Amino acid sequence: MVGIGGIGMSALAQYYVYEGVSVSGSDREESPTTSMLLEKGIAVVVGQKSENVPADAQLLVYSDAVPVDNPERARAAALGIPQQSYFEALGDVAKTKRTIAVAGTHGKTTTTAMLGKMLIDAGLDPTVVVGSIVTEWGSNFRAGSSDLFVVEACEYRNHFLAFKPEVLVITNIELDHTDFFKSINELIAAFDEVRRQAKTVIEALAYKNEHVPELLVPGEFNKENARAAKAAAKCIAPDISDEVWDRSLASYKGTWRRFEYKGQLAGGATLYDDYAHHPTAIARTVSAAREKFPGKKIVLFFHPHLYSRTRDLFDEFAVALAMADDAYILPVYAAREPHDPSVSNKALAEATNKNGGHAQAIKDLEETTRLLRNLEKDTVAFTMGAGDVYKAGETALA
């Protein structure tokens, strides 16, 4: 498995091991997911080179970030070892199960985790693949003995079309992944296609009056996620009482990097970490923080993810970041994209300030760590984004 530390790849690796398959893999760097795999006895090598591929391997699975000329993929090709992308491989697993796929621009991870937990608590014993580490399981994978398979289904590059689910949950649709979807109409067309592949479709918007209990996780958006999860659970198991579903939702503790409490910083501020990397997610996280911490100063350390997303949603980012009391903006995390000098954290900070915000461009993770340590006790700080800004928070707490 090339890119085994990816949040989906690491879950699939655990599934294969559960099924009795011998698994090894590589990634470019260590991460919480590679550490988790090593603890579970799965062989992970840091660094990608051809000799990592065993000659007797029967399948090579690669993540989105791995190009065709990667040395491990090149060796597999030379040896005639079949290759599949992550979603192709996951689609093959799903074909053998009763699949419940959770799709949508925002809230996929939380809705998948909530739904998985509800089905577990109701005794239905599903297998679950989530795009984050779920607090209750300490993993992004949970093996079950039934044929129910709950899976987070990403729209990027039409990956979710690998599934033909019994139940499809759509949380919401908003333009994102602009390096692939060039317009909202393209994105809507992809969702229309996956709808056609599903037997039953649960649209979250249709369930806005669904009763849900008081939640441990904050924010109106998490109530929306809970309503969607409950609607799906009732569709899968209509004979189970609302009381069972509500009890499960009320004790849901959250996942890694989703409004996740990290600790108290040296200067007295409280630190949270969040994966928000889209303007809507930033705005809703700030609103939830204001509701949870009235009177506190809300400070963001935002790591923009992808030049294309930052460029195409630039004005929306500036408005969302202006909602915080202070926003420190790191250089763009390029991920899979080449450097684009037309998009910068400095320009985004200036645009945020023009929208009435208090933003400042900063250099790197080291500066982030230093600034975090100096924040005082009336402050709630968030490391925020889909890159590796969370590392600065962990260093600041050390």
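In the predicted model, six strands (DSSP E runs of at least two residues, numbered from the N terminus) form an open sheet of mixed pairing in the order β11-β12-β16-β13-β14-β15, where two strands pair if DSSP finds at least two bridges between them. Strands β11 (260–264) and β15 (359–361) are the edge strands, each pairing on one side only. On average, neighbouring strands of the sheet are turned by 20 degrees against each other, direction ignored. Within this sheet, β12 (residues 270–274) and β16 (residues 379–384) run parallel and are joined by five bridges; D273 stands opposite T383 in β16.

Helix α14 (residues 390–397; helices are DSSP H or I runs of at least four residues) packs on the sheet and touches β11, β12 and β16, contact meaning heavy atoms within 4.5 Å. The direction of α14 makes about 30 degrees with that of β11; axes are lines fitted to C-alpha atoms, for helices over the stretch in contact, and angles run from 0 to 180 degrees between N-to-C directions. Helix α12 (residues 345–354) lies across β13 (297–302), β14 (326–329) and β15, running at about 170 degrees to β15.

Helix α1 (residues 7–18) is mostly covered, with nine of its 12 residues buried (under 20% relative accessible area, 1.4 Å probe, protein chains only). The buried residues, among them M9, L12 and Y16, pack against α2 (32–39), β3 (60–62), α4 (86–94), β6 (127–134) and β7 (139–142). Just after α1, G20 takes a positive phi of about 90 degrees.

Residues are numbered from 1 along each chain as its sequence is written. Local features need pLDDT of at least 70, side-chain atom pairs count only at pLDDT 80 or more, and totals for chains, interfaces and linings use all residues, while side-chain values use heavy atoms, with hydrogens and water left out.

Definitions and conventions. Buried means under 20% relative accessible area, exposed over 50%, partly exposed in between (1.4 Å probe, protein chains only).
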